[in-house]
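Me: I am new to this structure and would like a close look at one part of it. Please take me through the place where the two chains meet, and then set that place in its surroundings.

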Amino acid sequence: MVYRSHVLICNGTGCTASKAPELMARLEKELAAKGIEKEVKIVKTGCFGLCEKGPILVIYPEGATYCHVTPDDIEEIVNEHLVKGRIVKRLLLGDKDAEDVAKSLDNVEFFSRQYRIALRNCGVINPEVIDEYIAKDGYAALAKALTEMTPQQVIDEIKKSGLRGRGGGGFSTGMKWQFAAKEVNDQKYVCCNADEGDPGAFMDRSILEGDPHTLIEAMAIAGYAIGSNQGYIYVRAEYPIAVQRLNIAIEQAREYGLLGKNIFDTDFSFDLEIRLGAGAFVCGEETALMTSIEGHRGEPRTRPPFPAVKGLWEKPTILNNVETYANIPVILLKGADWFNTIGTEKSKGTKVFAIGGKINNTGLVEIPMGTTLREVIYDIGGGIPKGKKFKAAQTGGPSGGCIPASHIDTPIDYDNLIALGSMMGSGGLIVMDEDNCMVDIAKFFLEFTVDESCGKCPPCRIGTKRMYEILERITSGKGEEGDIEKLETLAESIKQGALCGLGQTAPNPVLSTIKYFRDEYEAHVKEHRCPSGVCKAMLKYTIISDKCKGCSLCSKKCPVSAISGEIKKPYLIDQSKCIKCGVCMDVCKFAAIEKK
Amino acid sequence: MSCGCCKADNKSEELDKIIAKYKDSRGALIPVLHEAQELYGYLPMSVQKKVAKGLNVSLADVYGVVTFYTQFSLNPKGKYKINVCLGTACYVKGAGQIYDKIAEILKIKSGECTPDGIFSLDACRCVGACGLAPVIMINEDVYGRLAVDDIPGIIQKYFDMEAEAV
Ligand SMILES: Cc1cc2nc3c(=O)[nH]c(=O)nc-3n(C[C@H](O)[C@H](O)[C@H](O)COP(=O)(O)O)c2cc1C
């Protein structure tokens with residue numbers, strides 16, 4: 001069947017939530033109404049990355065990218081674009097008046113600055129159709145590995161590429177595979193970490209949803225390299241769409257003989273199983289993940305022995321992150337030497353970041369290692385909304401730290417981020433502006449780790465709790481002299497004493513914010529003041545009498561009748577009644593209310 | 001969510017089937033609990049006992065696993081399960097205030113259910129819709145780019161649906 005047009009609709013989680021399924025239904029209906037349903041093919045794809053502008057719809061052959069499409073726009077798109085061949089300019093993303101619509105995105109830096117390796121197929125193919133993946137060189141790397149390379153050659157190529165784990169630690173993937181390959185055992189396992197626990201990161205989910213076959217192919221390659229015939233994908237239960245697409249993909253791969261016995265008529269056999277997480281952050285840690293697959297409470301084990309020696313069910317096991325795997329097929333096809341040209345000296349290739357928080361273009365971006373934070377935030381991310389000032393970027397989630405404005409020109413790679421007291425993590429990058437309180441952010445992350453600490457080792461179980469209590473005291477205006485130093489001491493002992501990565505890195509958000517924003521901590525502790533006006537207990541709303549016109553609106557809206565005054569004269573807030581809800585500030589038309 | 005008593009037999013048979021399906025595979029406990037929870041809406045002690053017996057593991061092990069993972073619940077959930085995403089992206093965009101507002105309207109806290117069983121409230125981990133932050137989910141429906149002022153209207157919609165159903 002030859003179609004004259006293809007309509008790609010993003011069905012990632014962001015766009016699904018923005019009503020993409022409704023768009024599909026509407027589109028099918030409109031196409032049928034016009035009698036052109038046999039000429040136009042609708043393709044459900046994964047995430048395009050620019051979730052902020054969703055739902056997104058792309059029409060080929062023109063390459064017109066429409067954004068913020070509502071169900072009511074569909075009729076116009078069908079009538080104008082698909083029937084009459086006229087672009088619906090008002091919905092175009094980017095340059096609305098570009099002569100050639102395909103070029104309308106050329107100046108959209110969000111796309112032009114990116115370099116897509118791991119995300120190469122996301123938003124391009126239908127993830128539920130294996131043929132579309134195969135048409136994009138899918139499974140060619142597996143064929144090459146099985147028929148032209150020895151397992152050792154595969155490992156050597158990966159080692160030479162310099163690929164480092166994208167799940168957090170940045171350990172050399174080739175070395176990890178080498179350790180497992182060296183073990184002699186009748187059973188080995190290949191595992192994939194799709195637990196994506198960092199709140200604010202969703203790159204793995206995008207790959208799972210948008211290009212599940214790349215993961216299957218890469219895990220089979222890993223199986224061949226280390227000598228394993230069984231893989232497990234550990235996915236968070238919060239990702240139902242991802243699980244469903246993975247299931248479809250595995251089924252199709254089995255049908256095509258790309259999983260199962262004697263793949264490509266060689267004597268290599270490999271199969272995959274999906275295991276669902278159940279909402280425990282610590283299960284992202286490698287030994288805890290394996291304990292969880294085994295059916296127990298996901299508590300970490302001491303290392304050594306490392307999983308490469310004794311992992312799942314005590315057998316040699318490798319565990320890699322989804323994004324790490326997504327790089328593998330490309331490296332094998334294009335070669336380590338090609339991969340080596342991208343990135344910095346010690347961090348090769350690209351990294352996917354989920355940029356969120358106070359930034360105009362929230363979404364997923366894949367950039368070469370070594371891109372500066374400034375480029376990510378201002379050029380790709382489109383800067384901070386409402387002209388606010390950039391304060392800090394948080395990377396590495398609950399294990400990472402904040403990078404302040406003074407370091408915004410640092411090239412992003414594993415080692416630079418560590419040197420700044422943060423870490424790459426899985427790639428969440430949350431932007432904060434002048435309205436965010438850094439003590440509050442530190443408390444937010446610590447609350448997360450307190451909640452997620454598995455309780456096995458005391459430094460993490462008790463230590464993080466004590467740190468949290470101090471932060472709670474500080475943010476509620478009851479900070480005491482010496483609290484900051486206490487936090488620092490506790491942090492050091494937890495880092496040294498904790499059993500696994502969760503506890504060892506839990507103090508990082510606190511330490512890095514103390515390092516760069518000590519003045520904010522001091523304002524909280526010594527002056528009982530929150531400079532950003534976030535910590536409610538210390539807030540005071542006051543009316544600036546010069547600006548108040550005495551319109552009485554705030555007084556009418558105040559839920560506790562704390563504001564009084566005479567019409568046309570400045571009003572006053574009774575601090576003893578005020579519950580600091582901020583309604584007065586929201587309703588004031590003269591910006592006469594101040595919060596400090 | 002109904003208590004399950006009326007259809008106890010039916011569900012009990014279903015549970016037997018789930019256990020039988022996984023009985024011989026390794027690491028079966030968590031997949032069985034996932035499906036059992038889907039069936040019952042939560043994991044009451046009677047279900048845990050049955051799973052323990054069926055898979056030949058101790059009840060302590062089952063209880064240990066159920067209480068370890070946040071996805072598993074010992075208590076019934078509301079007919080409308082409200083999940084407020086408290087991931088970082090949502091948090092810096094004010095998800096905390098959204099949560100407070102819902103708690104204030106429904107007079108329940110995270111993990112609780114309204115006495116009439118209509119709503120339950122949970123603060124959840126990142127749902128991965130960071131582009132739409134702040135986000136809440138009510139059952140399968142996602143509401144994004146929220147402001148505190150949107151909340152009463154959204155909740156009212158469900159109250160209205162209930163009123164109509166009666
Ligand atoms: C508390 C904790 C949580 C983690 N969460 C994740 C996660 O969600 N996803 C992930 O890929 N790695 C996570 N990791 C890192 C894994 O332990 C492991 O290093 C990684 O999956 C290895 O894959 P890679 O070498 O491809 O990065 C976590 C580590 C710790 C200590």
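**Where chain B meets chain A**

Reply: Between chain B and chain A the count of salt bridges is zero, and this, like everything that follows, is read from a predicted model. What is present between the two chains is a set of 14 residue pairs in polar contact, in each of which both residues have a pLDDT of 80 or more. The elements of chain B that give two or more residues to the side touching chain A are helix 2 (29-40), helix 4 (59-68) and helix 5 (88-92). Sorted by kind, the residues on that side of chain B comprise 17 nonpolar, 10 polar and four charged.

The extent of the meeting place can be given in residues and in area. In residues, 31 of chain B are in contact with 51 of chain A. The size of an interface is often expressed as the accessible area that is lost when the parts come together. For chain B and chain A the buried area is about 3,300 Å², and carbon and sulfur atoms give 58% of it. Within chain B, the residues that lose the most area to chain A are Arg26(B), Phe68(B) and Arg125(B), which together make up 21% of what that side buries.

As for how far the prediction may be trusted here, the predictor gives the complex an ipTM of 0.83 and a pTM of 0.89. Chain B has a mean pLDDT of 89, with 95% of its residues reaching 70 or more. Residues 1-7 of chain B call for care, since pLDDT stays under 50 over that stretch, and the model has eight contacts beyond four places in sequence for it.

Turning to chain B as a whole, its secondary structure comes to seven helices and five strands, and along the sequence these follow the pattern α-α-α-α-β-α-α-β-β-β-β-α. The chain is divided into domain 1 (10-68) and domain 2 (80-165), and the centres of these two domains of chain B, taken over C-alpha atoms, are separated by 29 Å. Along its principal axes the C-alpha trace of chain B spans about 50 × 40 × 20 Å.

The partner, chain A, is divided into domain 1 (5-110), domain 2 (130-339), domain 3 (350-433), domain 4 (438-526) and domain 5 (540-595). The C-alpha centres of domain 2 and domain 5 of chain A lie 59 Å apart.

Although salt bridges between chain B and chain A number zero, the structure holds 43 of them over all chains. One of these joins the side chains of Arg26(A) and Asp72(A), at 3.4 Å from N to O. Arg26(A) belongs to helix 2 (residues 20-33) of chain A, while Asp72(A) sits in the loop between strand 4 (64-66) and helix 3 (74-83) of chain A, so the pair ties together parts that are 46 residues apart in sequence.

Some details of the backbone of chain A complete the picture. A cis peptide bond, with omega about 10 degrees, joins Tyr60(A) and Pro61(A), and Pro61(A) is placed in the loop between strand 3 (57-60) and strand 4 of chain A. Another cis peptide bond runs from Arg303(A) to Pro304(A), where omega is near -5 degrees, and Pro304(A) is found in the loop between helix 12 (286-293) and strand 8 (317-321) of chain A. Phe264(A), in the loop between helix 11 (240-255) and strand 7 (271-276) of chain A, has a phi near 50 degrees, which is a positive value in a residue other than glycine.

Conventions. Residues numbered from 1 in each chain as written. Chains lettered and ligands numbered in written order. Heavy atoms only, no water. Contact = heavy atoms within 4.5 Å. Buried area = accessible area lost by both parts, 1.4 Å probe. Salt bridge = Lys/Arg side-chain N within 4 Å of Asp/Glu carboxyl O. Polar contact = N/O pair within 3.5 Å; in protein donor to acceptor, adjacent residues only side chain to side chain. Helix = DSSP H or I, 4+ residues; strand = E, 2+ residues; numbered from the N terminus. Nonpolar A, V, L, I, M, F, W, Y, C, P; charged D, E, K, R; others polar. pLDDT = per-residue confidence, 0-100. Domains from an automatic or database assignment.
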